[in-house]
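I am keeping these entries as I go through the model, one topic at a time. Each entry records what I looked up and what I found.

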Amino acid sequence: MQSLSRTKKLFVHFVLDPIAINDTGSEGSFAARYGCLVLVQKVERLDVGALVSIRGIGRVKILKFAQADPYLKGEVLPIQDRVPESESELSSKIMAVKEALYSLNSLEMKLKAPMEASLQTRILNSLNWAENEPCFEGNESFIPSLAERLSFAALQPVSGNISCRSTQSELVKLQQEKLRAMDLKDTPQRLDNSIKFAKQNISMVAAKLAIQSLGI
């Protein structure tokens, strides 16, 4: 994509969006509009293939494709939220999101999980991702602010064993929240939505814990 770095450690992950190409709606095509700038942090060579550690950096808009072979190449622009007017208001929302996510993480840790399961939940991993600013040789305008990164941190499925994990309907709701979050360019509003979503998950996990304690 756009010349971001000389290290060749960056690429853009995107999903093709279905679009209608006529009024009847019976014929369709696909378009690549938005994506996520991804940084390759570590590559461990294995006997077969490699183990690659990557990190999402931020949202990008795909302007055009310039090459198809041997891989897609084109131009992208960073997508960032509008700068909020009140820093104090933003700070209080950031604190509220972090408190809600730590509470949710604590509850999820109490859910029964297989012995080999990771001690960290997806919520905690997401929170750690948000708080650690990425470092790479490139245009810093591609790196969203801490507040913007934290506003996405709550959008994770519930951890636990099979009986305690997110149901299909809960995963569909999560996907809808993710799409809504991607469309927003208002950090305070997304933080508010994330606080609400995290509190809903807290109530849901608390209910699952209550059922679990009853052995149902």
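I began with Glu-131 in this predicted model, and I noted it as partly exposed because its relative accessible area is 30%. Its side chain meets that of Lys-98 in a salt bridge with an N to O distance of 2.8 Å. Since Lys-98 belongs to helix H1 and Glu-131 to helix H2, the pair ties together parts that are 33 residues apart in sequence. Lys-98 is also partly exposed, with a relative accessible area of 22%.

I then asked how many salt bridges the structure holds. I recorded 8 salt bridges, and I looked next at the one between the side chains of Asp-81 and Arg-59, at 2.7 Å from N to O. This pair links distant parts of the chain, with Asp-81 in the loop between E6 and H1 and Arg-59 in strand E5, 22 residues apart. Are Asp-81 and Arg-59 buried or exposed? Both of them are buried. I also noted that Arg-59 and Asp-81 are linked with Glu-148 and Arg-190 in a network of salt bridges.

A further salt bridge joins the side chains of Glu-75 and Lys-64, with 3.8 Å between N and O. Glu-75 lies in strand E6 and Lys-64 in strand E5, so the pair ties together parts that are 11 residues apart in sequence. I entered Glu-75 as partly exposed because its relative accessible area is 36%, and Lys-64 likewise counts as partly exposed at 46% relative accessibility.

Staying with strand E5, I looked up Leu-63, which lies in that strand and is partly exposed, with a relative accessible area of 42%. Leaving out residues up to four places away in sequence, I found that Leu-63 touches Glu-75, Val-76 and Leu-77. I also recorded that the C-alpha atoms of Leu-63 and Arg-33 are separated by 7.6 Å, although the two are 30 residues apart along the chain.

Val-52 is likewise placed in strand E5, which covers residues 50–67, and it counts as partly exposed at 43% relative accessibility. I noted Val-52 as one member of a nonpolar surface patch that it forms with Phe-11, Val-43 and Ile-54, with about 330 Å² of accessible area together.

Following the chain out of E5, I checked Pro-70, which is found in the loop between E5 and strand E6 (73–78). The peptide bond from Asp-69 to Pro-70 is cis, with omega near -5°.

My next entry concerns the helices. Does the span of helix H1 agree with or depart from what its residues should give? Helix H1 (residues 87–110) has 24 residues that should span 34 Å at 1.5 Å a residue, and its end C-alpha atoms are 35 Å apart, so I entered this as agreement. Among the buried residues of H1 I listed Leu-90, Ile-94, Val-97, Leu-101 and Leu-104, together with Lys-93, Asn-105 and Glu-108. The buried residues of H1 pack against H2, helix H3 (146–150) and helix H5 (187–213).

For H5 I recorded 27 residues and a reach of 38 Å from its first C-alpha to its last, close to the 39 Å expected at 1.5 Å a residue. Asp-186 caps the N-terminal end of H5, with a side-chain oxygen 3.0 Å from the backbone nitrogen of Gln-189.

I then compared two serines. Ser-126 has its place in helix H2 (residues 122–131) and is buried, with a relative accessible area of 8%. Leaving aside neighbours within four places in sequence, Ser-126 is in contact with Phe-152, Ala-153 and Gln-156. Ser-141, found in the loop between H2 and H3, is partly exposed, with a relative accessible area of 31%. Its side chain is joined to that of Asn-139 by a polar contact of 2.8 Å. Not counting residues up to four places away in sequence, Ser-141 touches Pro-78 and Gln-80, and its C-alpha lies 6.6 Å from that of Pro-78, 63 residues away in sequence.

I closed with the protein as a whole, for which I counted 5 helices and 6 strands, following the pattern β-β-β-β-β-β-α-α-α-α-α along the sequence. Of its 216 residues, 34% count as buried.

Definitions and conventions. Residues numbered from 1 in each chain as written. Predicted model: local features only at pLDDT ≥ 70, side-chain atom pairs only at ≥ 80, totals over all residues. Heavy atoms only, no water. Patch = residues over 30% accessible without salt bridge, like charges linked within 9 Å, V, L, I, M, F, W, Y side chains within 5 Å. Areas by Shrake-Rupley, 256 points an atom, 1.4 Å probe, with all protein chains shown as cover. Salt bridge = Lys/Arg side-chain N within 4 Å of Asp/Glu carboxyl O. Helix = DSSP H or I, 4+ residues; strand = E, 2+ residues; numbered from the N terminus. Buried < 20%, exposed > 50% of the residue type's maximum accessible area, 1.4 Å probe, protein only. Contact = heavy atoms within 4.5 Å. Expected span 1.5 Å × (residues − 1). Polar contact = N/O pair within 3.5 Å; in protein donor to acceptor, adjacent residues only side chain to side chain.
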